[in-house]
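Student: I should like a close look at a single helix and its surroundings. Please take me through that part in one connected account.

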Amino acid sequence: MDNREEIRERAEALLRRFYGYSSFRPLQLDIISSAVEGRDSVVLMPTGGGKSICYQIPALMSEGGITIVVSPLIALMKDQVTALRSNGIPAAAVNSMQTDEENRHILEQLFSGRIKIVYISPERLLMEIDRWSRDLPVSLIAIDEAHCISQWGHDFRPDYTRLSRIKELFPHVPVMALTATADRLTRDDIATQLALRNPQLFLGSFDRPNISLRVRNNPGKKERIRYISTLIERYRHDAGIVYCISRKAAESMNDDLRALGYRSVVYHAGLPVAERNLAQEKFINGDVQVVCATVAFGMGIDKSNIRWVVHNNMPRNIESYYQEIGRAGRDGVKAEAVMFYSYSDIITLQSFVDESGQQSINAEKLKRMREFAEASLCRRRILLSYFNETMDHDCGNCDVCLNPPERMDGTVIAQKAMSAIIRTEGQAGFSMLIDILRGAARQDLMLRGFHLIKTYGAGRDLSYAEWNCYLSQLIQLGLVDIAYNESNHLKVTQYGAEVLRERREVTLARYKEPERLKGGRR
Ligand code: ADP
Ligand code: ZN
């Protein structure tokens, strides 16, 4: 095809005819044109952005050519194939979930030219690749969830690294690598690992303005449950996800919600496959209102009425957070993302980082996540800037925008906290320090003689929640630090010591009572 105008006309006609949509979303047409022109590409588009159409339409445009779609999500292939077939597009999947008989039948159809789009898992493709490269007229190879190829990505799959064979065996076939989650490092790595030739990069907008963003600093268990219940009730006919930090935590959240009479299921990688599939099915079919899950849940979930996502703990990085909240509101209608976070999350996540292979990168990512959680600037601006997208105005749909912090003089608070830390000789953790300041009669506190120090009870005038808020800010401001490797005790930093010595003024954001959430329906 020689010119873009012609490509556009044909592509639009196919979009109307097979999908019933009247226009392309941003980038879709450029991506399609690039593939039709035979170029390699890396497509970075948020979940729900409409990636599938980017390779499906070129598949329909090629006469007699076959499009191979490599995907690690075997469970979802069936849905994709069913959807395509119901739109009249001859598609099929080859994978280990089907019987040998079924696979054989599909291969026959494939080789007799009766299939245009074939979905296949990476390991299966590697089995078939020699024969396919010899005998099939392949016009395009799409690699979905392409971040799995990168060790930097959050979902590395060893099978994916062997996909570099694709370019060896199909040197003249354009390859389109698609993902919803890749920072610059991952993105470059995808192109390198797949040996793409001069790939065009398509960066979709990461803004999802319909999702409101909220972060709650260290709510207690009751408050968490109350918050989640409110969301369930607000969207009682739709669905939501609660992401938890561990399998055990997901189980226990599920138990709590069920005990309150909500229809909930649990999903994590420790469950037998059958049970997991059943949970996913119930969620997709709308049999349950909520799924309590670990990060194992959700890749590729295509459900339009997920109205809310709660992170019961801070995710390990912004990519994960963004991908997880992006499962809500895929229909463009109002949705809510709420994150609870606490210092114990940071401590746990820090230990994951320490155990991980890429300590420095993961530590940096965690730091960025934490800055997001602790921010007193528009959260969407921070989020988008992380993905190298600039936004020149505040969003008006995050907790910071809706409820900007009031500033106050926090000098005395800072002095009390820092002097208590010094007097405990850096032997107290976060909550212990608050209890010391508030003069609590906690036994372990007394055993260590902390009730004898001069600042014991010096902060009685403030509630635990207030101290929690202010102490967090002192950490954010860099006056106080948590020694993660030394039982997470608090230390006054050099900067903090200076401020204390010179009696410098400290400005803090005033504590606000948690918003009251109204229950009931929308
Ligand atoms: P992704 O793979 O990027 O997560 P999908 O390809 O599943 O996203 O698309 C998400 C939804 O958007 C699907 O329901 C799809 O039919 C719809 N969609 C895609 N392109 C368009 C378009 N041009 N106009 C309207 N809806 C679209
Ligand atoms: Zn905002």
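Tutor: Two residues are taken to be in contact if their C-beta atoms, placed from the backbone, lie within 7 Å. The model is predicted, and the helix chosen here is α14, which comprises residues 343-355. Helix α14 has 13 residues, and the distance from its first C-alpha to its last is 19 Å, close to the 18 Å expected at 1.5 Å a residue.

Burial comes next. Y343, D345, I346, L349, Q350 and V353 of α14 are buried. They lie on the same side of α14, because the arc that they cover around the axis is only 140°. On the other side of the helix, S351, F352, D354 and E355 are exposed. As for the partners of the buried residues of α14, these residues pack against two strands, β13 (335-341) and β15 (480-483), and against two helices, α15 (359-374) and α19 (430-437).

A strand elsewhere in the chain offers a counterpart to this arrangement. In strand β3 (residues 91-94), A91 and A93 point one way while A92 and V94 point the other way, and all are buried. In a regular strand, side chains alternate between the two faces of the sheet. Strand β3 is joined by four bridges to strand β4 (residues 117-120), and the two run parallel. Within β4, I117 is the bridge partner of A91.

Finally, the ligand site may be set beside these elements. Around ligand 1 there are 13 residues, of which Y21, G49, G50, K51 and S52 come nearest. By class, this shell around ligand 1 holds six polar, four nonpolar and three charged residues.

Note on methods:
Residues numbered from 1 in each chain as written. Chains lettered and ligands numbered in written order. Predicted model: local features only at pLDDT ≥ 70, side-chain atom pairs only at ≥ 80, totals over all residues. Near = placed C-beta within 6 Å. Nonpolar A, V, L, I, M, F, W, Y, C, P; charged D, E, K, R; others polar. Expected span 1.5 Å × (residues − 1). Buried ≥ 20, exposed ≤ 12 C-beta atoms within 10 Å, placed from the backbone. Arc of directions from axis to C-beta. Pairing = 2+ DSSP bridges.
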